Amino acid sequence: MGENIGTMASPIYVTGHVNPDTDSIAAAMGYAWLLRERDGADAVAARAGAINPQTAWVLKHLGLEAPILLTDASPRFESVVHRFNTTSPDSPLREAWGIASKTGGIAPVLNPDRTPYGLITGESLFAFLNRQVGTHPRRQEVKISEILDLPCKQAADTRVPKFHVSTKIKDVLNRLLREDRNEFFVTGEEGRYVGICRQRDLLNPPRLKLILVDHNEPQQAVGSLEEAEILEILDHHRLGNPSTHIPIRFTVDVVGSTSTLVSERIEAAGLSAPPHLAGMLLAGLLADTLILTSPTTTERDRQAAERLGNWAFAAGSVLKDETIESFGKQVLTAGSGLAARSPQEVVSSDMKVYSAGGYQFAVAQAEVSDLYEVNEHLESLTKALSELRESKGLDFTVLMVTDVVSGSSRLLFSNPPPILEELPFPPLQDGTRLAEGVVSRKKQLLPGILSLLEA
């Protein structure tokens, strides 16, 4: 890299796309681990949406925690908070004086339950002295030591606004600019003190540092992506990337999974992933390539599977008795089936939004062990697909139900444009289309849709 990521002070969030699949979660976890291990970076694995059933099973089976949830990159108050020392309302003012001498002239005053009581500032202290001394000659002779013995509560400004640590700065910026003050309280759970923020920091908050894995299109990324600083993109999908302010490391490679790319970088660094993390990356690879049978599978994926298997199936690992085939079948089985999930979950848990030919549309994919499952759930799935289209403001939506055993799919549509009638998949009597031999959304279905829309 041109810049050593490990030298950056603030956390770097490595995150996959919204509606993350197992490969997206695995790649985020694996790449964050590599950045910490190789570069000493403060890299944190994140996810932009809910964990799907397949990924949940893999995480539980391997004893791993899910990445933190990060759905919006807009700066929050936590990014500008100063955790200043505090005093109490009944403590002598000399204690606040000592704090203020180190903080640039402010001293937070807290109640016994750690909620804010008030803030001692230069302005509040001057107002307090004016009340104590005023213009009377005799009162002007009072000793400073006597004033410093008075309780802090007498000199505190109790009208200082409070903002929760997770509040987006942009949501309250207009209110902040109307306030005739420079400091504000930042609070957390049950209104307890977290720190102080200053107006000048709020006007130019630090951007969240992101590395995007398994996606590069803004509509598939965390919200408010334009407010973040993108450091790198590591992906295996078509290009649709956002613009950046500075050059970044950008890798989009022709392989079956992003987990493959992560495993290659781990090996290139002379490292081997711990068995549980290797198992996670292997699950991501096998899920995306349907146990190395998908048309997207390359020789590099097969080599990566062997590499990850060597690391994951080591003695003492929870996967020590597994093979690539046996583990892959468990992973695919954990994510298949329509009955165990609501129709809304089926159409949204692995859904991606695209733009082409003036259309905004989504293609979702669900895995089953038998395409006849579609018959039983067709009405509810069609309704959920239409609701998804309306809620997202899309022109049309598609659900690709894939039989991971036979290697074929059935396609369900909501409000498809007439041009899609030309798709080379025969329509069935129930309105769905049979796509024999089609299992890859990225390589087999999406190119056909895009070519028709952009013709």
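# Notebook: core, helix packing and selected residues

I began with the largest nonpolar core, which has 50 residues, and I noted that Val14, Tyr31 and Met280 touch the most other members. Helix α1, residues 22-39, supplies the largest share of this core, with 10 residues. I keep in mind throughout that I am reading a predicted model. As background, nonpolar side chains tend to be buried together in soluble globular proteins.

I then looked up what surrounds Met280, leaving aside its neighbours within four places in sequence, and the contacts I found are Thr22, Ile25, Ala26, Met29, Thr55, Val58, Leu59, Leu62 and Leu64.

**Helix packing**

Next I turned to helix α9 (residues 275-289) and helix α11 (residues 324-334), whose axes come within 9 Å and cross at roughly 75°. Because angles of 65 to 115 degrees count as roughly perpendicular, I entered α9 as roughly perpendicular to α11. On the α9 side I listed Gly279, Leu282, Ala283, Leu286 and Ala287, and on the α11 side Ile324, Phe327, Gly328, Val331 and Leu332. Sorted by class, the residues of this contact are 8 nonpolar and 2 polar, with no charged ones.

I also followed α11 to helix α2 (residues 53-62), where the two axes are 7 Å apart and the packing angle is about 135°. I recorded this pair, α2 and α11, as oblique. Here Pro53, Gln54, Trp57, Val58 and His61 of α2 meet Phe327, Gln330, Val331, Leu332 and Ala334 of α11. The class count for the contact of α2 with α11 came to 7 nonpolar, 3 polar and no charged residues. Comparing my lists, I saw Phe327, Val331 and Leu332 of α11 in the contact with α9, and I saw Phe327, Val331 and Leu332 again in the contact with α2.

**Strand β7 and the loop after it**

Which strand holds Phe184? I placed Phe184 in β7, residues 183-187, and with a relative accessible area of 0% I entered this residue as buried. Its contacts, apart from neighbours within four places in sequence, are Val160, Pro161, Phe163, Leu176, Glu179, Gly195, Ile196, Cys197, Gln199 and Leu202. For one of these, Pro161, I checked the separation: Phe184 and Pro161 are 23 residues apart in sequence, while their C-alpha atoms are 5.7 Å apart in space.

Thr187 is also found in strand β7, and because its relative accessibility is 7%, Thr187 counts as buried. With sequence neighbours within four places set aside, Thr187 is in contact with Pro116, Lys162, Phe163, His164, Val165, Arg192 and Val194. I noted that Phe163 appears among the contacts of Phe184 and also among those of Thr187.

Is Glu190 buried or exposed? This residue lies in the loop between β7 and β8 (193-198), and at 63% relative accessibility I counted Glu190 as exposed. Its phi is near 55°, a positive value in a residue other than glycine.

**A second positive phi**

I found that Ser224 likewise has a phi near 55°, again positive in a residue other than glycine. The place of Ser224 is the loop between β9 (209-213) and β10 (229-235). With a relative accessible area of 13%, Ser224 is entered as buried, whereas I had Glu190 down as exposed.

**Thr432 and its surroundings**

I located Thr432 in the loop between β15 (408-414) and β16 (433-435), and I noted a relative accessible area of 1%, so Thr432 is buried. What does the side chain of Thr432 make a polar contact with? I found the partner to be the side chain of Arg410, at 3.3 Å. Beyond its neighbours within four places in sequence, Thr432 is in contact with Leu378, Arg410, Leu411, Leu412, Pro426 and Pro427.

**Ser451 in helix α14**

My last entry concerns Ser451, which I placed in helix α14, residues 441-453. With a relative accessible area of 46%, Ser451 is partly exposed. Its side chain reaches the backbone oxygen of Gly448 at 2.8 Å. I also looked up the separation of Ser451 from Cys152, which stands 299 residues away along the chain, and their C-alpha atoms are separated by 71 Å.

Notes:
Residues are numbered from 1 along each chain as its sequence is written. This is a predicted model: local features need pLDDT of at least 70, side-chain atom pairs count only at pLDDT 80 or more; totals for chains, interfaces and linings use all residues. Side-chain values use heavy atoms; hydrogens and water are left out. Helices (H or I, at least four residues) and strands (E, at least two) are DSSP runs, numbered from the N terminus. Buried means under 20% relative accessible area, exposed over 50%, partly exposed in between (1.4 Å probe, protein chains only). Contact means heavy atoms within 4.5 Å. A nonpolar core is a set of buried Ala, Val, Leu, Ile, Met, Phe, Trp, Tyr and Cys residues joined through side-chain atoms within 4.5 Å. A polar contact is a pair of N or O atoms within 3.5 Å; within protein, one must be able to donate a hydrogen and the other to accept it, and residues adjacent in sequence count only if both atoms are side-chain atoms. Axes are lines fitted to C-alpha atoms, for helices over the stretch in contact, and angles run from 0 to 180 degrees between N-to-C directions. Angles under 35 degrees count as roughly parallel, over 145 as roughly antiparallel, 65 to 115 as roughly perpendicular and the rest as oblique. Ala, Val, Leu, Ile, Met, Phe, Trp, Tyr, Cys and Pro count as nonpolar, Asp, Glu, Lys and Arg as charged, and the others, Gly among them, as polar.
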